Amino acid sequence: MNSRREFLKGTALAGATAMAAGCLGPGAAKCSCLGAPMQGFAAKPLKQVRVGLIGLGSRGIGASHRLPMIPGTVVTAFCELRPERVQMAQKWYAQQGLPQPKVFLGPEAYKAMCDWDGIDVVYSVTPWDLHAPIAAYAMEHGKHVFNEVPGAETIDECWWLIETAEKTKQHCMMLENCCYGEYEMLALNLIRQGKLGELVHGEAGYIHDQRKLHYGTKTMWAPAIKDMSLKNPDAPTWCIDKFYAEHHGNYYPTHGLGPVCKYMNINHGDKFDYLVSLESRQASMEHYGKTCYPPNSWQAQRKIKKGDMNLSLIRTALGRSILLEHDIMSPRPYDRLNLITGTKGIARGYPDLYLAWEEQTGDQKSHDYLSREKTEEIRQKYKHPLWKAVGEIAKKVGGHGGMDFIMDLRWSYCLQNGLPLDTDVYDLASWSALVEITERSVEGGSSRQEIPDFTRGGWKTAKPFGIVDVDVSKLNLNKAKKDNEQQTV
């Protein structure tokens with residue numbers, strides 16, 4: 001699994017790699033460790049963040065509306081396959097009195113956009129298999145990258161992005177918006193304040209009934225890559241064609257997992273050690289196709305390889321456990337689990353907020369959740385500083401309850417002020433690598449699978465994710481307003 005990185009086990013070669021990445025010599029003090037020079041990395045401040053946006057599907061359109069609301073941020077380029085999506089975005093920009101971004105149209109037009117000196121950042125909202133190639137190309141051409149989830153599909157792609165980021169000294173951050181949810185950031189603040197004690201176990205997931213999204217005829221998802229012309233809107237989505245029909249495992253692990261990794265300081269004091277993954281039989285997706293569509297339709301005849309539910313158990317180097325679930329096929333309400341337990345108590349953040357902890361060990365107060373009144377009192381008292389500063393504005397704008405806006409506001413703020421990003425390329429790799437590793441485990445009879453240390457030992461000394469904030473006095477958020485194109489779930 002880790003053969004490409006065997007050479008890094010040699011101390012001399014590891015040092016040479018660090019030197020090549022600029023981690024030895026005059027700039028060495030800026031690096032958290034020799035193994036992971038991009039941990040704690042801060043780029044030169046940008047007076048204005050110029051964004052090239054790749055992909056104008058549903059999430060891309062939402063981003064195209066949201067980014068211009070962020071102070072110091074301007075979208076200067078659109079890159080798309082479909083002219084009608086570009087026209088839709090251009091119409092909205094004209095209505096808002098915004099400058100028209102330069103247009104790059106075509107399957108590999110992203111390369112010309114990355115070559116252009118009119119952008120600083122590539123914001124990639126594309127099908128999963130394009131995430132790593134676009135990100136690597138963008139960094140090679142001097143652009144920071146913000147990549148939709150998952151950031152890569154394979155372990156090799158993860159190492160590719162790490163090596164490219166270290167070589168080019170460009171940020172490569174995965175757009176894991178759930179790390180910026182109100183309840184997730186509240187839990188992080190409670191943990192940092194010691195309310196839950198020493199962390200022991202977390203639960204994370206992505207439970208989202210998407211049968212209609214993938215089988216319906218005019219879905220919110222982009223059609224399959226092969227059907228660029230949109231002449232056949234009834235074609236299978238790329239998710240079905242490329243993943244669910246051909247693979248096992250968890251192909252979308254990061255929404256629930258990202259926040260739990262922040263809680264547990266994964267890559268920043270702890271790391272993934274190994275996992276085992278088990279998958280149920282396939283039933284619900286095929287049943288839906290056979291029940292809701294004519295017998296001769298592709299939906300009724302499509303065979304799906306991936307089981308309804310994928311369950312993975314992860315153990316960390318410090319002996320913590322994580323339960324990770326993925327189910328986009330069963331008829332059940334949306335859920336991300338978002339549960340964390342420690343030696344003093346528990347926080348559960350989805351689908352609603354539940355808290356319980358002992359003020360003194362053994363006082364038995366953790367046997368019942370706190371009352372709704374007490375929970376609301378704590379929610380207000382321990383609200384994360386980011387949500388205190390801009391939460392109401394974020395909720396007004398929208399985007400998964402405001403978390404999308406806060407995520408974008410925070411990374412742009414970091415770039416403008418020369419600060420390290422909240423999530424780095426090693427986090428992208430560790431979370432995304434589970435796509436391949438869970439499939440290996442399932443196909444090996446739920447076999448134990450080691451998880452690579454993408455930080456090459458850097459996790460032992462890297463600074464944990466802190467209680468980050470923004471200086472509202474530096475922001476002019478008058479442009480922020482309600483936008484109907486922002487997704488709700």
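In this predicted model, the buried residues of helix α2 are Gly 60, Ile 61, Gly 62, Ala 63, Ser 64, His 65 and Arg 66. Seven of the nine residues of α2 (residues 58–66) are therefore buried, and the helix is largely enclosed by the rest of the structure. The cover over these buried residues includes β1 (49–54), β2 (73–80), α3 (83–95), β4, α14 and α15. The points below take the enclosed helices, the sheets, the nonpolar core, the helix pairs and some backbone details in turn.

**Enclosed helix α10**

- Helix α10 (residues 254–264) has eleven of its eleven residues buried, so the rest of the structure largely encloses it.
- The buried residues of α10 are Thr 254, His 255, Gly 256, Leu 257, Gly 258, Pro 259, Val 260, Cys 261, Lys 262, Tyr 263 and Met 264.
- Asn 265, just after α10, takes a positive phi of about 60 degrees.

**Parallel six-stranded sheet**

- One open sheet consists of six strands in the order β3-β2-β1-β4-β5-β6, with parallel pairing.
- Its edge strands, each pairing on one side only, are β3 (102–105) and β6 (172–174).
- On average, and with direction ignored, neighbouring strands of this sheet are turned by 20 degrees against each other.
- Within the sheet, β4 (residues 121–124) and β5 (residues 144–147) pair in the parallel sense over four bridges.
- Tyr 123 stands opposite Phe 146 in β5.

**Mixed eight-stranded sheet**

- Eight strands make up an open sheet with mixed pairing, in the order β13-β12-β11-β7-β10-β9-β8-β14.
- The edges are β13 (354–357) and β14 (449–450); each has a single partner strand, so one side of each is left without a neighbour in the sheet.
- Strands β7 (residues 199–207) and β10 (residues 321–327) run parallel and are joined by seven bridges.
- Tyr 206 has His 326 in β10 as its bridge partner.
- Ile 207 is also found in β7, and its 0% relative accessibility places it among buried residues.
- Apart from neighbours within four places in sequence, Ile 207 is in contact with Met 309, Glu 325, Asp 327, Arg 332, Pro 333, Tyr 334 and Asp 335.
- The C-alpha atoms of Ile 207 and Gly 256 are 9.4 Å apart in space, with the two positions 49 residues apart in sequence numbering; Gly 256 is one of the buried residues of α10.

**Largest nonpolar core**

- The largest nonpolar core holds 134 residues, of which Tyr 123, Leu 161, Phe 272 and Trp 411 touch the most other members.
- Helix α15 (residues 403–417) supplies the largest share of this core, with nine residues.
- Not counting residues up to four places away in sequence, Leu 161 touches Ala 132, Ala 135, Ala 136, Met 139, Gly 151, Ala 152, Cys 172, Val 425 and Leu 428.
- In soluble globular proteins, nonpolar side chains tend to be buried together.

**Helix pairs**

- Helices α6 (residues 155–168) and α16 (residues 425–432) pack at an angle of about 175 degrees, and their axes are 9 Å apart.
- That angle makes α6 roughly antiparallel to α16.
- In this contact, Cys 158, Leu 161, Ile 162, Ala 165 and Glu 166 of α6 meet Val 425, Tyr 426, Leu 428, Ala 429 and Ser 432 of α16.
- The contact of α6 with α16 comprises eight nonpolar residues, one polar and one charged.
- Helices α7 (residues 182–192) and α14 (residues 385–397) pack at about 175 degrees, with axes 11 Å apart.
- Helix α7 is thus roughly antiparallel to α14.
- Glu 182, Met 185 and Asn 189 of α7 make the contact with Pro 385, Leu 386, Trp 387 and Lys 395 of α14.
- Four nonpolar, one polar and two charged residues form the contact of α7 with α14.

**Backbone details**

- Most residues other than glycine have a negative phi, and most peptide bonds are trans.
- Val 149 and Pro 150 are joined by a cis peptide bond with omega of about -15 degrees; Pro 150 is in the loop between β5 and α6.
- The peptide bond from Tyr 350 to Pro 351 is also cis, with omega near 5 degrees, and Pro 351 is in the loop between β12 (345–348) and β13.
- Lys 169, not a glycine, has a positive phi of about 55 degrees.
- Lys 169 is found in the loop between α6 and β6 and, at 22% relative accessibility, counts as partly exposed.
- Asn 267, likewise not a glycine, has a positive phi of about 75 degrees.
- Asn 267 is found in the loop between α10 and β8 (272–279) and, at 2% relative accessibility, counts as buried.

Key:
Residues numbered from 1 in each chain as written. Predicted model: local features only at pLDDT ≥ 70, side-chain atom pairs only at ≥ 80, totals over all residues. Heavy atoms only, no water. Core = buried A, V, L, I, M, F, W, Y, C linked by side-chain atoms within 4.5 Å. Buried < 20%, exposed > 50% of the residue type's maximum accessible area, 1.4 Å probe, protein only. Helix = DSSP H or I, 4+ residues; strand = E, 2+ residues; numbered from the N terminus. Contact = heavy atoms within 4.5 Å. Pairing = 2+ DSSP bridges. Axes fitted to C-alpha atoms, helices over the stretch in contact; angles between N-to-C directions. Parallel < 35°, antiparallel > 145°, perpendicular 65-115°, else oblique. Nonpolar A, V, L, I, M, F, W, Y, C, P; charged D, E, K, R; others polar.
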